[in-house]
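Visitor: Please pick a single part of this model and give me a close look at it. I'd like to hear about the strand pairing, and then about what is packed around it.

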Amino acid sequence: MKNFLSPVTSHLSPSLEYISIAALNQYAYCPHRCWRMFCAGEFTDNQYTIEGTTLHDRVHTTSDIQRGETWQIRAIWLKSEQYKLIGKSDLIEAESGQVYPVEYKRGHKGEWDNDELQVCAQALCLEEMTGQPVTTGYIYYAHSHQRQLVEINAELRQSAIATIESVTNLLETGAMPKPVYSKRCQGCSLYSQCLPKATDKVKSYQEVNF
């Protein structure tokens, strides 16, 4: 069981032919943000992204250790030929014959399902790479030091597959989704680039003066 990932991860690397697993998270959070990051190549750091990067830098040190009955491996590449996905895992654990991903996030549990979609995408890769069903995953939130269970059920799988299709279309067409202001814009590092409130004001001004 210990080496079940070794043959399929030793030579994996990022490729333009594959969709970044992280892109699913960004698209589910905000399609316009995803476009700016993965189509326009724009990214700006703020307090939250720096904290997130620092957290991932700490956990993205390749290791392979046994903790009691649980085997842990960090910072390995996950890949799916079926869904054309690729991404580096934070942590993969195996316990009692079950394999599952653990994704690290900087804050507390959010109000949206974008983190769950990312874990599901990792599970889809793991299933293909290991030939084993993956029914659960976890999100570890650094601020609360707690894990949130993610059930890889049929509904979440369908949502993840639909998001993969949407991101694929976005990358293939390069069509920019309209920026739409919502509560999610608060704290976004790309807010000053898209200015969703300004877009709405311009539209309203044009409509009034039509």
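Guide: Let's start with some vocabulary: two strands pair if DSSP finds at least two bridges between them, while helices (H or I, at least four residues) and strands (E, at least two) are DSSP runs, numbered from the N terminus. What you're looking at is a predicted model, in which local features need pLDDT of at least 70 and side-chain atom pairs count only at pLDDT 80 or more, although totals for chains, interfaces and linings use all residues. Residues are numbered from 1 along each chain as its sequence is written, and side-chain values use heavy atoms, with hydrogens and water left out.

The part I'd pick is the open sheet of 3 strands, which has mixed pairing and the order β1-β5-β4. At its edges stand β1 (19-20) and β4 (77-80), each with a single partner strand, so one side of each has no neighbour in the sheet.

Take the hairpin in it, made by β4 and β5 with 4 residues between them. These two strands pair in the antiparallel sense, over 4 bridges. If you want a landmark, W77 has K88 as its bridge partner in β5. In the turn, look for K84, which has a positive phi of about 55 degrees.

On the β1 side, the pairing is parallel: 2 bridges join β1 to β5 (residues 85-88). There, I19 stands opposite L85 in β5.

The two faces of β4 are worth a look. One is covered, with L78 and S80, and the other is uncovered, with W77 and K79. For burial, the scale is relative accessible area with a 1.4 Å probe and protein chains only: buried is under 20%, exposed is over 50%, and partly exposed is in between.

So where do the side chains from this sheet go? Three of those names turn up in a nonpolar core, meaning a set of buried Ala, Val, Leu, Ile, Met, Phe, Trp, Tyr and Cys residues joined through side-chain atoms within 4.5 Å. The largest core has 34 residues, and I19, L78 and L85 are among those with the most contacts inside it, as are L24, I92, I152 and I164. At least two residues each come from α2 (21-29), α3, β3 (70-74), β6 (91-95), α5 (114-130), β8 (136-141) and α6 (154-173). Of these, α5 gives the largest share, 9 residues. In soluble globular proteins, nonpolar side chains tend to be buried together.

From I19 you can step over to helix α6, where V167 sits. V167 counts as buried because its relative accessibility is 0%. Contact here means heavy atoms within 4.5 Å; leaving aside neighbours within four places in sequence, V167 is in contact with I19, A23, L24 and Y27. V167 and W35 are 132 residues apart along the chain, yet their C-alpha atoms are separated by 8.9 Å. W35 belongs to α3, where H32, R33, C34, R36 and M37 are buried along with it. That helix is mostly covered, with 6 of its 8 residues buried.

Another core residue to click on is I152. Beyond four places in sequence, I152 is in contact with V119, C120, A123, V134, T135, T136, G137 and R157. There is also a second, separate core of 6 residues, including L91, Y100, V102 and Y140.

For a second hairpin to set beside the first, try β8 and β9. Strand β9 (residues 146-151) pairs with β8 in the antiparallel sense over 6 bridges, and I139 stands opposite Q148. This hairpin has 4 residues between the strands, and H145 takes a positive phi near 55 degrees. Y138 is found in β8 and is partly exposed, because its relative accessible area is 23%. Among the residues it touches beyond four places in sequence are Y100, V102 and V119. The C-alpha atoms of Y138 and V119 are separated by 7.2 Å, with their positions 19 residues apart along the chain.

Zooming out, the chain has 8 helices and 9 strands, and 42% of its 210 residues count as buried. Of the contacts with a separation of 6 or more, 64% come from residues 24 or more positions apart.
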